[in-house]
Amino acid sequence: MDFSKVIRLVFGIAFIVILYFIIFYALKIMYKDVKSGGRKRPSSTKRNYGIEVVSVGENSNLEEGSILLLRDVITIGRKEGNTIRLSDQYVSGNHAEIKLKNNEIIIRDLESTNGIFVNDVKIKEYFKLRANDKFRIGSAIFKVIRSDKN
């Protein structure tokens with residue numbers, strides 16, 4: 001066996017190893033993509049949102065200017081166990097739910113008697129809130145605030 005055949009054999013084996021290495025990583029990436037269901041990764045520009053109390057109305061347990069950070073689901077109503085508990089007579093026991101999903105704020109009316117007003121317009125069931133939107137539940141008025149800082 002001469003030297004050129006040995007070199008050809010070594011380079012052939014190296015080529016096959018590199019080819020299998022590339023195929024392995026390509027399959028690994030495809031597996032992760034299929035496993036995630038095609039969902040996009042969270043963007044690096046994550047925003048922090050909060051709910052500010054603009055007007056307390058008939059609710060003695062709220063304080064104007066107070067801010068509640070929106071990290072998980074916020075429930076609003078008269079019953080115990082709600083994140084924001086209102087004492088207003090026009091508020092249902094479980095009146096509304098606000099949640100942050102995919103960097104969007106969704107407010108949902110939980111089949112309340114008097115409804116939710118966003119920017120003075122009564123919403124049906126769901127509504128996508130944006131920064132600086134004001135919403136009224138009973139006589140209390142809240143405002144969505146946003147900070148781009150992490």
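# Exercises on a predicted model

The strands 2-1-11-10-7-8, in that order, make up an open sheet of six strands with antiparallel pairing. Its edges are strand 2 (67-70) and strand 8 (121-122), each of which pairs on one side only. The model is predicted, and the exercises below work through it.

## Exercise 1: elements and overall form

Task: State how many helices and strands the protein has, give their order, and decide whether the protein is a compact globule or more spread out.

Solution.

Step 1. Count the elements: the protein has one helix and 11 strands.

Step 2. Read them from the N terminus on: the order is α-β-β-β-β-β-β-β-β-β-β-β.

Step 3. Compare the radius of gyration with the globule rule. The radius is 28 Å, and the rule gives 15 Å for 150 residues; the value is well over the rule, so the protein is more spread out than a compact globule.

Step 4. Look at the extents of the C-alpha trace, which spans about 95 × 30 × 30 Å along the principal axes.

Step 5. Turn to the domains. The protein is divided into domain 1 (1-40) and domain 2 (49-146), and their centres, taken over C-alpha atoms, are separated by 55 Å.

## Exercise 2: the helix and its surface

Task: Find which helix holds L27, and which residues form a nonpolar surface patch with L27.

Solution.

Step 1. Locate the residue: L27 is found in helix 1, which covers residues 3-35.

Step 2. List the patch. F15, I16, L19, Y20, I23, L27 and M30 make a nonpolar surface patch of about 740 Å².

Step 3. Check the record. UniProt, in an unreviewed entry, places the feature "transmembrane region" at residues 6-31.

Step 4. Describe that span in the model: residues 6-31 are 100% helix and 0% strand, with 37 Å between the end C-alpha atoms.

## Exercise 3: pairs in the six-stranded sheet

Task: For strand 11, name the partner strands 1 and 10, and say how many bridges join each to strand 11.

Solution.

Step 1. Take strand 1 (residues 48-55). Strand 1 pairs with strand 11 (residues 140-147) in the antiparallel sense over seven bridges. In this pair, V53 has F142 as its bridge partner.

Step 2. Take strand 10 (residues 134-137). Strand 10 runs antiparallel to strand 11, and four bridges join them. Here the bridge partner of R136 is I141.

Step 3. Examine the connection. Strand 10 and strand 11 form a hairpin with two residues between them, and G138 in the turn has a positive phi of about 65°.

Step 4. Move to the end of the sheet that holds strand 8. Strand 7 (residues 117-118) and strand 8 pair in the antiparallel sense over two bridges, and F117 is matched with K122 in strand 8.

## Exercise 4: the five-stranded sheet

Task: Give the strand order of the open sheet of five strands, and explain why strand 4 and strand 9 each have one side without a neighbour in the sheet.

Solution.

Step 1. Write down the order: the strands stand as 4-3-5-6-9, with mixed pairing.

Step 2. Find the edges. Strand 4 (84-85) and strand 9 (126-129) each have a single partner strand, so one side of each is left without a neighbour in the sheet.

Step 3. Study strand 3 (residues 74-77), which pairs with strand 5 in the antiparallel sense over three bridges. I74 stands opposite I98 in strand 5.

Step 4. Study strand 5 (residues 96-101) with strand 6 (residues 104-109): the two run antiparallel and are joined by six bridges. Among the facing residues, K99 stands opposite I106, and A96 has D109 as its bridge partner.

Step 5. Look at the turn. Strand 5 and strand 6 form a hairpin with two residues between them, where N102 has a positive phi of about 55°.

## Exercise 5: a span from the record

Task: What are the helix and strand contents of residues 74-123, listed by UniProt as "domain: FHA"?

Solution.

Step 1. Note the source: the span 74-123 comes from an unreviewed UniProt entry.

Step 2. Read the contents: residues 74-123 are 0% helix and 44% strand.

Step 3. Add the end distance, which is 18 Å between the end C-alpha atoms of the span.

Key. Residues numbered from 1 in each chain as written. Predicted model: local features only at pLDDT ≥ 70, side-chain atom pairs only at ≥ 80, totals over all residues. Heavy atoms only, no water. Patch = residues over 30% accessible without salt bridge, like charges linked within 9 Å, V, L, I, M, F, W, Y side chains within 5 Å. Areas by Shrake-Rupley, 256 points an atom, 1.4 Å probe, with all protein chains shown as cover. Salt bridge = Lys/Arg side-chain N within 4 Å of Asp/Glu carboxyl O. Pairing = 2+ DSSP bridges. UniProt positions renumbered as here; feature names shortened; annotations may be inferred. Domains from an automatic or database assignment. Rg over C-alpha atoms; globule rule 2.2 N^0.38 Å.
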